[in-house]
Every structure is written in C-alpha cells, then in structure tokens.
Amino acid sequence: MRLSNLADYAVVLMSAAARQCGSVPIHAGMLAEQTGIPGPTAQKLVSQLARAGLLVASRGSGGGVRLARPAAAISVADIIEVVEGPIALTSCVAEGRHDCSLEGSCKVQPHWGVVNGAVRGALADISLATLSVAPKHPSPPPIPALAGDEIRL
C-alpha cells in the first residue's frame with residue numbers, strides 16, 4: 001500500500017497548518033512556501049480540506065485558513081480519506097464494489113475487513129498534533145533479522 005502524492009501532501013500541509021496553532025489564519029501560498037508543495041497543488045488541497053470540514057477558510061484582509069478543530073482531534077486517517085476516499089486495502093472491503101474475479105470462491109475475503117480495520121485504526125490513532133512536533137529521538141527503525149540470517153558484529 002502506498003499513499004498518492006496528493007494524500008502525502010495533504011498530511012504535510014495539515015501538519016504545517018497545525019504548527020500555526022490553528023487559530024491564526026494562514027494563506028495557501030504561505031503553506032506552499034513553508035512545505036515546498038507547489039502553489040496550485042496547495043490551493044487545491046486547501047479547498048478540498050475546507051470542503052471536508054478539516055480547515056475553515058475566511059476571506060478578505062486577515063483571511064486564510066485555520067484548523068477547523070484542535071490538531072489532537074484530527075487523525076491521519078481523516079486527512080487521507082479526504083483525498084483518497086475511504087481506506088480500502090482491497091476491492092472486496094470497499095462498499096458497493098464487486099469487481100474481484102475471485103469473489104465467491106476466495107477464502108481470505110471474509111478476513112480482509114479485519115485487516116483493513118486494523119490499518120485504518122492505526123492511521124486513526126495518529127493525530128495531527130503528533131505529526132506537528134519534532135520527534136524526541138529521531139532514529140532509523142530497527143531492521144529485523146530474517147529467519148536463517150546470520151547476525152555478524
């Protein structure tokens with residue numbers, strides 16, 4: 001599974017908006033400048049996120065966008081679903097989809113809902129507030145040894 005660039009940019013953009021404390025309106029152009037996201041893309045995302053109720057837009061002098069609710073109340077899943085739609089790892093967990101050639105004979109299909117729920121739940125457990133602060137100890141994730149691999153020091 002891989003997020004689209006647009007979904008990735010939406011998370012980056014929302015994280016930048018969260019660092020503004022959510023109360024001070026900021027223009028899409030300023031978000032683009034802060035994040036390196038191209039201006040037209042930032043504007044498109046700001047519009048989508050505002051329509052979805054994650055950002056509040058105000059026009060005129062002193063206008064811009066701000067978070068619609070506290071960063072702790074916005075999850076990564078919320079942001080991704082604005083851009084990508086409902087999180088569905090396979091077509092058989094997407095509502096209304098019946099285009100799998102294995103439908104009816106697949107023994108795994110009944111379990112995909114649990115897997116999909118776990119992935120969505122993990123994304124829902126990560127708040128925008130978590131993403132808008134620097135990690136305490138940035139370190140690369142450990143690389144697990146595979147069975148049969150020798151570990152040499």
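**Exercise 1. Describe the largest pocket and its lining.**

Step 1: volume. The largest pocket has a volume of about 210 Å³. On a 1 Å grid over the protein atoms alone, a pocket is an open set of points where a 1.4 Å probe fits, with protein on both sides within 12 Å along at least five of seven lines. Volume is the space filled by probe spheres set on the points, which are joined across faces, edges and corners.

The model is predicted: local features need pLDDT of at least 70, side-chain atom pairs count only at pLDDT 80 or more, and totals for chains, interfaces and linings use all residues. Residues are numbered from 1 along each chain as its sequence is written, and side-chain values use heavy atoms, leaving out hydrogens and water.

Step 2: lining. Lining residues have an atom within 4 Å of a point. They are Ile26, His27, Ala28, Gln43, Val46, Ser47, Ala50, Ala57, Ser58, Arg59, Gly64 and Val65.

Step 3: elements. α3 (39-51), β1 (55-58) and β2 (64-67) each give at least two lining residues. The largest share, four residues, is from α3. Helices (H or I, at least four residues) and strands (E, at least two) are DSSP runs, numbered from the N terminus.

Step 4: chemistry. The lining has six nonpolar, five polar and one charged. Ala, Val, Leu, Ile, Met, Phe, Trp, Tyr, Cys and Pro count as nonpolar; Asp, Glu, Lys and Arg as charged; the others, Gly among them, as polar.

**Exercise 2. Work out how β1 and β2 pair.**

Step 1: sense. The two strands pair in the antiparallel sense over four bridges. Pairing requires at least two DSSP bridges.

Step 2: register. Leu55 stands opposite Leu67 in β2.

Step 3: turn. β1 and β2 form a hairpin with five residues between them. Gly60 in the turn has a positive phi of about 90 degrees.

**Exercise 3. Determine how α1 packs on α3 and on α2.**

Step 1: α1 with α3. Helix α1 (residues 5-19) and α3 pack at about 80 degrees, with axes 10 Å apart. Therefore α1 is roughly perpendicular to α3 (65 to 115 degrees). The contact (heavy atoms within 4.5 Å) includes Leu6, Tyr9 and Leu13 of α1 and Leu45, Val46 and Leu49 of α3. Its residues divide into nine nonpolar, two polar and one charged.

Step 2: axes. These are lines fitted to C-alpha atoms, for helices over the stretch in contact; angles run from 0 to 180 degrees between N-to-C directions.

Step 3: α1 with α2. The axes of α1 and helix α2 (residues 28-35) come within 10 Å and cross at roughly 105 degrees. So α1 is roughly perpendicular to α2. Val12, Leu13, Ala16 and Ala17 in α1 meet Leu31, Gln34 and Thr35 in α2. That contact has five nonpolar, two polar and no charged residues.

Note on methods: Parallel < 35°, antiparallel > 145°, perpendicular 65-115°, else oblique.
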